[in-house]
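User: Could you walk me through this model and tell me why things get the labels they do?

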Amino acid sequence: MLFRSIRPYKGLDTLLDAIEQLPDKTPVAFLIGGEPWRDKKRIEKRLNKLSKKFWIHSKLEWIAEQESSQWFSAADAVVCPYVRATGSGVLSQALAFEKPVLTTDTGSLAHVVTHGKNGLLSQPKSSIELCRNIQLFLEPSVRRTLQSGSRNQKKHSWDDYVSGVIHLAKNSANRVSRETPWIQ
């Protein structure tokens, strides 16, 4: 599920590649919503092709905030296959709706999603790993564990947010060249 704008960094192509790799008759349905930043015709073509194999409901336009609760309520899990990200409003909303998240280990996302507890992590751009995680989520015992974990997760405070930002800044500063005078 994607909201607002669908941009390349959000990883829709990785998700569509993962769906293509799922075995026939995999009992899964997908909701995909958001306004494509570009390539709307190409995305529609891929979705039409995939909808012959799986149930896919798509709304390739802006999803208003008032509609988002309906989308989250209809989902068993939310897939956020980011190529890169520092954070995610959709991921935060999914967790607020107590939905497990299948996402990537990029930016601060792995600080919010704990693999095997409230979601599943894969590497960015790895449709193979994402496909495996979708299949893993479909196993009843795994799904129950992740759903329970997402319901019972710690609610994050502003202090947690600040700690995460400081942690990311320190790690980033360690990788920046000493020639950059504005980072000490």
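Analyst: Sure, starting with a pocket: the second largest pocket holds about 390 Å³ of space. This is a predicted model, where local features need pLDDT of at least 70, side-chain atom pairs count only at pLDDT 80 or more, and totals for chains, interfaces and linings use all residues. Residues are numbered from 1 along each chain as its sequence is written, and side-chain values use heavy atoms, with hydrogens and water left out.

User: Which residues are closest to the centre of the second largest pocket?

Analyst: Val28, Ala29, Phe30, Asp76 and Ala77, out of 19 that line the second largest pocket. A lining residue has an atom within 4 Å of a pocket point on the 1 Å grid. Strand S2 (29-33) and helix H6 (127-138) each give two or more residues to that lining, and S2 gives the most, with four.

User: What classes do the lining residues of the second largest pocket divide into?

Analyst: There are 17 nonpolar, no polar and two charged residues. Here Ala, Val, Leu, Ile, Met, Phe, Trp, Tyr, Cys and Pro count as nonpolar, Asp, Glu, Lys and Arg as charged, and the others, Gly among them, as polar.

User: Why is H1 called roughly parallel to H2?

Analyst: H1 and helix H2 (residues 40-50) pack at about 20°, with axes 11 Å apart. That makes H1 roughly parallel to H2, because angles under 35 degrees get that label. The residues in contact (heavy atoms within 4.5 Å) include Leu16 and Asp17 of H1 and Ile43 and Arg46 of H2. By class, this contact divides into six nonpolar, no polar and six charged.

User: What makes H1 and H6 oblique to each other?

Analyst: The axes of helix H1 (residues 12-21) and H6 cross at roughly 60° and come within 8 Å. Angles under 35 degrees are roughly parallel, over 145 roughly antiparallel, 65 to 115 roughly perpendicular and the rest oblique. H1 and H6 are therefore oblique. Among the residues making the contact are Leu15 and Ala18 of H1 and Cys131 and Ile134 of H6.

User: And why are H3 and H4 oblique to each other?

Analyst: Helix H3 (residues 65-74) and helix H4 (residues 89-96) have axes that cross at roughly 55° and come within 11 Å, and they are therefore oblique to each other. Glu65, Ser68 and Phe72 of H3 meet Val90, Gln93 and Ala94 of H4. That contact has three nonpolar, two polar and one charged residues.

Terms used:
Axes fitted to C-alpha atoms, helices over the stretch in contact; angles between N-to-C directions. 1 Å grid on protein atoms, 1.4 Å probe; cavity = no way out; pocket = protein on both sides within 12 Å on 5 of 7 lines; lining within 4 Å. Points joined across faces, edges and corners; volume = space filled by probe spheres on them.
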